[in-house]
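Here are some short exercises to work through with the structure open beside you. Try each task before you read its solution.

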Amino acid sequence: MMHATKIQAAEDTSAKAPTRRALAKQQTRAKVLAAARRLFSEQGYEGATIRDIASAAGMSTGAVFANFTDKSDLFREIMVTDMAALADAMREAAARGAGVEDTLLRMFAAGYAFYRSQLPLARAAFSVGWSPEDGPALRNAAPVQVLNSLIVEQLGQGVERGELRPDDLALRAQMLFDAYLSNYPQAIFEGWTLEALQDRARDQIRVLLAGARRA
Amino acid sequence: MSSPGRIATDALPDDGLLSPPAAVVASSLRRTQKEATRNRVIDAARELFDTQGYQGTTIREIARHAGVSVGSVFTTFASKGEILSQVMQDRLDGLYAELDRVMPHLRGATIERLRTMFAIHFAFEVQHTRLFLAHIASAYDWTLPPSAKPMGKTPRLQEIIRECLAKGVADGDVDPAIETQEIVDLLMAAYAWAYRLAAWNDANAAELTAVMDRQIGLIAQGFTPRS
């Protein structure tokens with residue numbers, strides 16, 4: 001209890017002016033995250049070890065573990081930060097859309113543009129996302145859920161506007177999200193351009209919306 | 001084993017003309033041994049990947065479980081990724097043989113033929129969902145050698161779907177204007193998604209099939225010709 005109270009007090013002061021220690025801790029975390037981001041991009045999730053990350057950040061493995069429980073925790077933190085930014089980009093893109101198909105396409109295109117400069121990291125994210133051990137935590141992370149609910153939201157608005165029937169909305173949204181994700185291998189391994197990805201996504205959106213369209 | 005011919009040959013004096021030269025015998029023996037090692041490694045790896053996961057299994061454990069040395073594992077396989085790839089290849093060969101037998105006899109609408117085809121997949125693979133997810137995840141693994149064939153590089157399933165859709169075009173229940181590869185990719189994505197459901201929510205084959213049936217139904221709305 002004593003301990004908890006002390007921490008509480010430290011947090012209270014840090015809210016007004018961050019203590020030197022809190023600031024140092026923040027800097028350490030930022031340094032580890034930057035090094036980890038670089039190594040995950042260069043060597044993939046499997047190839048990058050905590051030891052490599054620590055030495056790239058210029059600190060001991062102990063210092064890394066003081067801030068992150070393990071490698072998957074570190075990776076999730078990077079993905080969560082990125083996906084929060086991605087969700088913002090998608091929301092902005094959606095605001096410029098006209099109609100469900102166009103809006104979804106703009107959102108997906110914003111996603112492909114976002115990851116275009118960091119495809120190796122996207123590749124690592126798929127590796128982790130499919131892993132039976134670490135996948136659920138990444139897939140259920142709050143920002144991923146936000147991406148999913150953005151799609152649900154768009155379909156809901158389509159129903160309100162009378163563009164779509166409300167059939168199978170949840171399943172349709174999930175399949176749209178999966179279709180969006182399913183094009184990344186083409187970008188990662190076959191070097192598809194943004195235009196090619198968009199063309200493919202447009203067709204996929206059409207197929208998946210076809211059954212819900214009002215005649 | 002002890003056929004008369006064999007006895008007769010054995011009874012002849014070994015003058016090096018009738019028996020194969022020693023080098024050939026030795027090399028074929030080596031091949032057989034290598035084959036036996038390979039099979040033991042594959043069997044051990046499949047069991048370990050299935051129970052403790054791909055990430056959680058080391059080559060050392062596989063070697064110990066197979067009763068071979070770590071060195072002899074590495075003379076046969078370049079990496080753990082390649083072992084996984086071979087484990088899956090061996091399993092899938094059986095599945096595709098089954099599908100090749102069944103598919104020509106399937107009647108009915110394209111949507112139903114697709115549903116049956118995927119139901120066969122789930123019945124075959126549902127006991128090994130962790131293995132299958134690792135197979136998908138390995139497609140993105142940096143450490144995987146180019147010789148490995150993760151999910152997505154197994155063209156047989158895609159071929160089977162394409163044949164199914166081509167028959168649908170001929171029968172008139174698949175829109176000929178539709179880009180076949182796009183439907184194939186959507187079905188593959190839906191199929192892979194179902195395994196995630198199995199591994200994370202402990203769904204059984206019947207539940208997977210039910211989800212996949214709905215997904216196929218939704219995709220079919222997109223490839224059915226407009227009347």
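A residue counts as buried when its relative accessible area is under 20%, and as exposed when that value is over 50%. Keep in mind that this is a predicted model.

**Exercise 1. Find Leu119(A) in its helix and decide: is Leu119(A) buried or exposed?**

Step 1: Go to helix H7 of chain A, which covers residues 119–130; Leu119(A) is part of this helix.

Step 2: Compare its relative accessibility with the cut-off. The value for Leu119(A) is 18%, and the limit for buried is under 20%. Leu119(A) is therefore buried.

Step 3: Look at what surrounds this leucine. Apart from neighbours within four places in sequence, Leu119(A) touches Tyr184(A), Ala187(A) and Ile188(A). Pro185(A) is 66 residues away from Leu119(A) in sequence, yet their C-alpha atoms are 9.6 Å apart.

**Exercise 2. Describe how domain 1 and domain 2 of chain A meet.**

Step 1: Set the bounds. The domain assignment gives residues 16–68 to domain 1 of chain A and residues 70–215 to domain 2. Their C-alpha centres are 29 Å apart. Domain 1 brings 14 residues to the contact and domain 2 brings 16.

Step 2: Put a size on the contact. The accessible area lost when parts come together is often used to give the size of an interface. Here the two domains of chain A bury about 1400 Å² between them, with 65% of it from carbon and sulfur atoms. On the domain 1 side, Arg37(A), Tyr45(A) and Phe68(A) supply 48% of the buried area, more than any other three residues.

Step 3: Count the polar links. There are two salt bridges between the domains and seven residue pairs in polar contact.

Step 4: Trace the domain 1 side to its helices. Helix H2 (20–47) and helix H3 (50–57) of chain A each give two or more residues to this side. H2(A) has the largest share, with nine residues. By class, the side is made up of 10 nonpolar, one polar and three charged residues.

For a closer look at a single salt bridge, find Arg29(A) and Glu77(A): their side chains meet at 3.2 Å, N to O.

**Exercise 3. Work out what chain A and chain B share at their interface.**

Step 1: Begin with the totals. Chain A gives 38 residues to the contact and chain B gives 32. About 3200 Å² is buried between the chains, 64% of it on carbon and sulfur atoms.

Step 2: Add the polar links. Three salt bridges are counted between chain A and chain B, and four residue pairs are in polar contact across the interface.

Step 3: Name the elements on the chain A side. H2, H7, helix H8 (135–139), helix H10 (169–182), helix H11 (184–190) and helix H12 (194–209) of chain A each supply at least two residues. This side holds 16 nonpolar, 12 polar and 10 charged residues.

A salt bridge to look up here joins the side chains of Asp168(A) and Arg214(B), at 3.0 Å, N to O.

**Exercise 4. Which residues does Gln215(B) touch, leaving aside its neighbours within four places in sequence?**

Step 1: Find Gln215(B) in helix H10 of chain B, residues 205–223.

Step 2: Check its accessibility. Gln215(B) is buried because its relative accessible area is 1%.

Step 3: List the contacts. Gln215(B) touches Leu171(A), Gln174(A) and Met175(A) from chain A, along with Ala190(B) and Trp193(B) from chain B.

Step 4: Pick out a polar partner. A polar atom of the Gln215(B) side chain lies 3.2 Å from the backbone oxygen of Ala190(B).

Note on methods:
Residues are numbered from 1 along each chain as its sequence is written. Chains are lettered from A and ligands numbered from 1 in the order in which they are written. This is a predicted model: local features need pLDDT of at least 70, side-chain atom pairs count only at pLDDT 80 or more; totals for chains, interfaces and linings use all residues. Side-chain values use heavy atoms; hydrogens and water are left out. Helices (H or I, at least four residues) and strands (E, at least two) are DSSP runs, numbered from the N terminus. Buried means under 20% relative accessible area, exposed over 50%, partly exposed in between (1.4 Å probe, protein chains only). Contact means heavy atoms within 4.5 Å. Domain bounds come from an automatic or database domain assignment. Buried area is the accessible area (1.4 Å probe) that two parts lose on being put together, summed over both. A salt bridge is a side-chain nitrogen of Lys or Arg within 4 Å of a carboxyl oxygen of Asp or Glu. A polar contact is a pair of N or O atoms within 3.5 Å; within protein, one must be able to donate a hydrogen and the other to accept it, and residues adjacent in sequence count only if both atoms are side-chain atoms. Ala, Val, Leu, Ile, Met, Phe, Trp, Tyr, Cys and Pro count as nonpolar, Asp, Glu, Lys and Arg as charged, and the others, Gly among them, as polar.
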